[in-house]
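I opened my notebook to look at how strands and helices pack in this one. Here is the entry, written as I went along.

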Amino acid sequence: MKRFAQLLDALILAPARGAKLRLLVDHFRSAPDPDRGWALAALTDGLDFPAVKPAAIRDLAATRIDPVLFALSYDYVGDLAETVALLWPPTGIAVHAPLHEIVDTLARARRQDAPALLAGWMDRLDSDGRWALLKLVTGGLRVGVSARLAKTALAEHGGVDVSAIEEIWHGLEPPYAALFGWLDGQGPMPPKTGALGFRPMMLAHALDDADRAALSPRDVAVEWKWDGIRVQLACDGTGAVRLHARGGDEIGGAFPEIVTGLEHRVVADGELLVGTGFRPAPFADLQQRLNRKAPSRALIARHPAFLRLYDILFDGEEDLRALPFATRRARLETWFAQRVAGTPADGRIDLSPRLDATTWEDLARLRDGSAAIGAEGLMLKRLDSAYVGGRPKGSWYKWKRDPMHADAVLMYAQRGHGKRSSFYSDFTFGCWREDGELVPVGKAYFGFTDAELARLDRWVRANAVDRFGPVLVVARELVCELAFDGVQRSSRHKSGLALRFPRIARIRWDKPAAEADRIDALEGLVGRDRADPR
Amino acid sequence: MTMRMRPETWIRPTPQGLYVEPGDFFIDPVRPAARAVVTHGHADHARPGNESVLATAGTLAIMRARYGAAAGGTLQAIGYGQSVRIGDVTVGFAPAGHVLGSAQIVLEHGGSRVVVSGDYKRRRDPTCPPFEPQSCDVFVTEATFGLPVFVHPVDADEIARLLGSVHRNPERAHLVGVYALGKCQRVIRLLREAGWDAPIFVHGALAELCAVYEQAGVALGPLRAVAGAEPRDLAGAIVLAPPSALADRWSRRLPEPLAVAASGWMRIRQRARQRGVELPLVISDHADWPELLGTFADVDAPEIWVTHGQEDALVHAAGLQGRRARALRLIGRDEDGGP
């Protein structure tokens with residue numbers, strides 16, 4: 001545990017990618033088995049301890065720490081693991097249990113036994129060890145290491161290409177004995193992912209001005225950017241079908257209407273949406289399906305799902321990923337015509353259409369009209385781009401349509417978490433109702449410069465009028481211009497409305513609060529982000 | 001038998017600072033006052049432009065170095081353990097253990113005794129005499145580290161971590177962010193005690209106060225200016241600079257600078273991360289949580305007034321000790337406690 005704690009501590013403070021990479025390579029090279037494998041699992045979100053939930057850690061803290069002092073400390077520190085680690089009363093000499101012992105014990109533990117186990121370890125760890133333990137068991141280390149960086153370090157340690165790691169990754173299990181055996185030169189390369197395994201997805205960059213200058217519309221395929229979730233469809237040719245979400249999670253069980261009836265071996269890439277007649281319904285409808293692992297027949301009937309494909313990775317045994325996009329697209333269309341058209345899958349799978357555009361003016365016009373289609377904007381994919389897992393530069397771009405705007409009044413503020421734990425950076429905003437009451441419409445985080453964040457933070461502290469726990473109530477005087485992607489009906493907010501992806505576009509130091517927008521103005525925007533799906 | 005005057009009838013917080021009515025003076029006024037009594041030389045306590053100033057010789061030397069003629073109209077020095085009469089109040093000075101010259105102000109009036117501690121700490125500091133507890137009816141305390149998460153480790157261990165990193169990274173310059181007054185000179189003394197005899201490089205903004213300490217008899221060993229030093233001299237060197245210089249263009253002249261910060265805030269990892277600190281050293285000139293609560297017991301005050309910092313938790317904890325406690329909410333103090 002001591003080495004793992006030192007690794008996490010060093011990673012969180014390492015200033016740059018290169019320094020983190022050196023730390024990881026050194027760890028994979030010198031830490032013992034199976035601890036290095038468990039560390040790898042922790043860094044790549046491969047560990048899950050269902051027996052431990054953050055609420056259980058809070059309850060555990062309450063058995064040793066005064067609740068008022070705990071609440072004030074948590075509010076200040078902003079990170080549960082760090083707060084509990086610092087506050088846990090010391091009991092004497094630190095004796096670090098090995099990482100694998102903790103993982104093994106906890107994986108077998110029943111929920112009711114987990115708190116006592118954790119308390120026993122924490123009594124014997126120092127504060128750095130407690131912090132690492134709590135990070136480990138709650139998941140989400142947030143030490144600035146992506147799964148990709150961890151794999152890059154593995155590749156460097158073993159002297160292999162990172163793509164070779166990606167190819168076998170999804171067939172591996174923690175603590176990765178076969179992987180480390182191979183990288184150490186002691187064993188064979190583990191087998192590549194089978195037909196149903198997840199392949200790393202190719203992701204797009206947001207289009208910026210420099211990209212626009214460098215890119216010719218004639219060199220790209222243009223598609224709508226759909227507002228669903230990205231999925232990978234895998235069929236093994238014997239009737240078994242998988243639907244993988246972005247991180248590789250299998251979600252096919254929640255969408256039984258899609259995964260039945262596909263007979264041929266294929267791996268394809270597309271968007272999961274709900275709606276009838278291939279008309280995408282609002283994202284909130286899809287959200288209802290995503291919340292259910294086993295949907296009722298009524299829910300399926302109300303929000304039927306469909307799959308809109310835009311790429312093909314494997315056709316039968318053949319790996320198409322190295323081919324240019326234009327060729328893959330042609331293969332996708334052929335496959336669809338031969339294997340889907342006329343089959344029972346026909347009504348649940350279609351292809352994302354390619355759009356015609358030869359100039360930036362064409363593209364801008366299409367993007368402006370995307371709302372009417374129910375899309376978020378455009379995807380621009382270089383015709384010559386190979387399918388490369390991760391977010392390769394200069395291949396695919398997303399160009400989202402301009403957001404909507406409204407002026408809203410700051411009502412409540414809370415400290416941020418992580419890097420922003422010392423700043424008030426989470427804000428609740430409201431708009432005026434007809435009767436003169438200010439009602440909340442959504443929460444927005446601050447997306448601007450540190451200097452402006454600091455100024456906003458000072459304003460909040462100077463204008464606080466009340467406090468509920470960590471939430472400060474501020475004088476209703478400051479107006480911010482919010483940008484957002486849409487307005488939806490919501491029973492959770494007093495206003496009956498919720499903004500989609502709200503963020504602060506500008507602080508209007510100049511604008512009197514009375515001149516902020518009224519709720520009616522937002523009412524007028526409901527559903528404007530898409531055509532009526534019915 | 002005289003009636004005891006309740007302290008809140010004669011000493012109170014005002015927008016200008018803590019005002020002592022029967023003596024007509026302010027303690028650490030935030031705006032120029034006719035008569036100021038100053039606890040110590042940090043800029044949020046000792047400000048320029050007062051007509052008369054009463055403080056220790058160390059504090060006055062710091063004020064003169066910082067403000068020159070603006071340090072005050074008449075400057076009156078007083079030693080630890082001495083007292084003077086101002087109006088109807090006896091004003092005594094006792095060591096606070098915070099920085100050179102730092103003092104607790106002991107006020108006696110109408111049969112009651114109030115101690116305004118300014119900033120203080122309880123552990124050994126080779127650059128100033130230790131805090132001396134004064135029993136009192138009201139103890140006015142800071143709360144910079146007034147949360148139980150703040151427990152400062154042994155400073156020699158933190159210095160050992162710095163020297164370990166210097167040893168492992170001989171090609172890099174260790175740039176240590178320190179406050180110019182107090183922390184800088186304490187870190188230098190601690191390095192000397194740990195056997196670091198090499199010249200220590202200091203940013204120009206720190207040099208003058210180092211000279212004040214030397215004149216007060218605190219030997220700092222060989223110091224060199226960063227300006228004019230060759231990059232090869234700076235590889236493997238320890239360089240002290242104000243915290244702001246860590247992220248500043250100034251640091252670009254150093255070979256592969258490794259950002260170090262010496263501060264009580266470094267106890268919180270996210271704070272260190274936020275400031276781009278690679279090697280956080282938890283070294284503070286303020287009392288940590290156990291020291292704050294221990295001091296209340298040592299001075300045995302039935303009543304605690306909390307000035308600046310994390311007041312809520314400290315007021316709560318003092319209450320758990322059975323003391324009456326309240327927050328004064330003085331303005332003009334940094335929430336981060338300044339130095």
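My notes below cover a sheet and a crossover in chain B, then two helix pairs.

**Before starting.** I am working from a predicted model, so I keep that in mind throughout.

**The sheet in chain B.** I asked first in what order the strands of the open sheet lie. I found 6 strands in the order β1-β2-β3-β4-β5-β6 of chain B, with mixed pairing. Next I wanted to know which strands stand at the edges. They are β1 (11-14) and β6 of chain B; each has a single partner strand, so one side of each has no neighbour in the sheet. I also looked up the twist: on average, neighbouring strands are turned by 25 degrees against each other, direction ignored.

**Along β4, β5 and β6.** I then followed one end of the sheet. Strand β4(B), residues 35-37, runs parallel to β5(B), and 3 bridges join the two. Here I noted B:R35 opposite B:S52 of β5(B). On to the next pair: β5(B), residues 52-55, and β6(B), residues 74-77, are also parallel, over 4 bridges. In this pairing B:L54 has B:Q76 of β6(B) as its bridge partner. How does the chain get from β5(B) to β6(B)? I traced it through helix α1(B), residues 57-67, and this β-α-β crossover is right-handed.

**Helices α2 and α3 of chain B.** I turned to α2(B), residues 155-168, and α3(B), residues 183-193, whose axes come within 10 Å and cross at roughly 75 degrees. Angles from 65 to 115 degrees count as roughly perpendicular, so α2(B) is roughly perpendicular to α3(B). I listed the contact: B:D155, B:I159, B:L162 and B:L163 come from α2(B), and B:R186, B:V187, B:L190 and B:L191 from α3(B). By type, I have 6 nonpolar, no polar and 2 charged residues in the contact of α2(B) with α3(B).

**Helices α5 and α6 of chain A.** Last, I looked at α5(A), residues 67-77, and α6(A), residues 80-87. Their axes come within 9 Å and cross at roughly 130 degrees, which makes α5(A) oblique to α6(A). What is the hand of the crossing where α5(A) passes α6(A)? I have it down as right-handed. On the α5(A) side the contact is made by A:F70, A:S73, A:Y74 and A:V77; α6(A) brings A:L80, A:E82, A:T83, A:V84 and A:L87. I sorted the residues of this contact into 6 nonpolar, 2 polar and 1 charged.

Note on methods:
Residues are numbered from 1 along each chain as its sequence is written. Chains are lettered from A and ligands numbered from 1 in the order in which they are written. This is a predicted model: local features need pLDDT of at least 70, side-chain atom pairs count only at pLDDT 80 or more; totals for chains, interfaces and linings use all residues. Side-chain values use heavy atoms; hydrogens and water are left out. Two strands pair if DSSP finds at least two bridges between them. A crossover is right-handed if, with the strands pointing away from the viewer, the path from the first strand over the helix to the second runs clockwise. Axes are lines fitted to C-alpha atoms, for helices over the stretch in contact, and angles run from 0 to 180 degrees between N-to-C directions. Angles under 35 degrees count as roughly parallel, over 145 as roughly antiparallel, 65 to 115 as roughly perpendicular and the rest as oblique. A crossing is left-handed if the near helix is turned anticlockwise from the far one by less than a right angle, and right-handed if clockwise. Contact means heavy atoms within 4.5 Å. Ala, Val, Leu, Ile, Met, Phe, Trp, Tyr, Cys and Pro count as nonpolar, Asp, Glu, Lys and Arg as charged, and the others, Gly among them, as polar.
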